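Here is a short tour of one protein model, meant to be read with the structure open beside it. Take a look first, then follow along.

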Amino acid sequence: MDEVTALVQGSGKKPYNVRIRIDELTEEQYESIVEKCASKIQNIDDLVKGNFPDDLKTLFTQKGAGLFPSMAKIHFSCSCPDYADMCKHVAAVLYGIGSRFDKDPLLFFKLRGVDTDRLIGNAIKDRIQSMIENASKPSDRIMDDGDVMAVFGMEI
């Protein structure tokens, strides 16, 4: 299990110990996510900035098989005397985690136990393979000499 631990100062002298644990992905879920991500990631820079393609957004939130954990997979505890299921100290730590995700979206993958190097490596490998397969095919973006002369009014 991956977990976050924090000390949260309450109204007393001693801070409370908060622990938030998330169940690990099954090997099947992990492999499925890595495989599906590799074929969908087109721009690594966008991924690092937290801009995910719509296909990946669906994959991450897919009930039972996505990267986002269900509430049953999230476990939290706090040393405070509050009897609530989720005390304000746990809520404060969850807010802090969300804030950290805003600054570094790849932390979400780390918290879920996903190796981002592997995820990005597979995406790069798939893109390179696709480029190699298409290297001998001429691009439809190349203009014929006649078209260049017509567009720019010059002879080549």
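## A walk through the model

Let's start with Leu94, which is partly exposed, with a relative accessible area of 31%. Keep in mind that this is a predicted model. Leu94 sits in helix 4, which covers residues 88-103. Together with Met71 and Met86, Leu94 makes a nonpolar surface patch of about 270 Å².

Now zoom out to the overall layout. The protein chain has seven helices and three strands, and going along the sequence they come in the order β-β-α-α-α-β-α-α-α-α. Of its 156 residues, 26% count as buried.

So what fills the inside? The largest nonpolar core has eleven residues, namely Leu25, Tyr30, Ile33, Val34, Cys37, Phe60, Leu67, Leu106, Phe108, Phe109 and Val114. Two helices each give at least two residues to this core: helix 1 (27-40) and helix 5 (106-111). Which helix supplies the largest share of this core? That would be helix 1, with four residues. There is also a second, separate core of nine residues, and among its members are Val8, Tyr16, Cys80 and Val93.

While we're on helix 1, have a look at Gln29, which lies in that helix. Is Gln29 buried or exposed? Gln29 is buried, because its relative accessible area is 18% and the cut-off for buried is under 20%. A polar atom of the Gln29 side chain lies 2.9 Å from the backbone nitrogen of Thr26.

Next, the cysteines. How many disulfides does the structure hold? The count is zero. To see why, take the sulfur of Cys78: its closest cysteine sulfur belongs to Cys87 and is 3.6 Å away, too far for a bond. Cys80 tells a similar story, since its sulfur is 3.7 Å from the closest cysteine sulfur, the one in Cys78, and that is too far for a bond as well. The reasoning rests on a cut-off, because a disulfide calls for two cysteine sulfur atoms within 2.5 Å. As for their surroundings, Cys78 is partly exposed at a relative accessible area of 21%, while Cys80 counts as buried at 10% relative accessibility.

Cys80 is worth a second look. This residue lies in the loop between strand 3 (74-78) and helix 4, and it is one of the residues of the second core. Across from it in sequence are two residues that come up in space. Tyr16, another member of that second core, is 64 residues from Cys80 along the chain, yet their C-alpha atoms are 5.8 Å apart. Pro15 lies in the loop between strand 1 and strand 2 and is partly exposed, with a relative accessible area of 29%. The loop between strand 1 and strand 2 also holds Gln9, which counts as partly exposed at 47% relative accessibility.

Here are the pairs that bring distant stretches of sequence together:

| Pair | Separation in sequence | C-alpha to C-alpha distance |
|---|---|---|
| Cys80 and Tyr16 | 64 residues | 5.8 Å |
| Gln9 and His89 | 80 residues | 8.2 Å |
| Pro15 and Cys80 | 65 residues | 8.8 Å |

Last stop: charges. Side chains of opposite charge can pair when their charged atoms come close. The structure holds one salt bridge. Which side chains meet in it? They are those of Arg19 and Glu3, at 3.3 Å from N to O. Arg19 lies in strand 2 (residues 16-22) and Glu3 in strand 1 (residues 2-8), so the salt bridge ties together parts that are 16 residues apart in sequence. What about the accessibility of the two partners? Arg19 is partly exposed, with a relative accessible area of 36%, and Glu3 also counts as partly exposed, at 40% relative accessibility.

Notes
Residues numbered from 1 in each chain as written. Predicted model: local features only at pLDDT ≥ 70, side-chain atom pairs only at ≥ 80, totals over all residues. Heavy atoms only, no water. Patch = residues over 30% accessible without salt bridge, like charges linked within 9 Å, V, L, I, M, F, W, Y side chains within 5 Å. Areas by Shrake-Rupley, 256 points an atom, 1.4 Å probe, with all protein chains shown as cover. Salt bridge = Lys/Arg side-chain N within 4 Å of Asp/Glu carboxyl O. Buried < 20%, exposed > 50% of the residue type's maximum accessible area, 1.4 Å probe, protein only. Core = buried A, V, L, I, M, F, W, Y, C linked by side-chain atoms within 4.5 Å. Polar contact = N/O pair within 3.5 Å; in protein donor to acceptor, adjacent residues only side chain to side chain.
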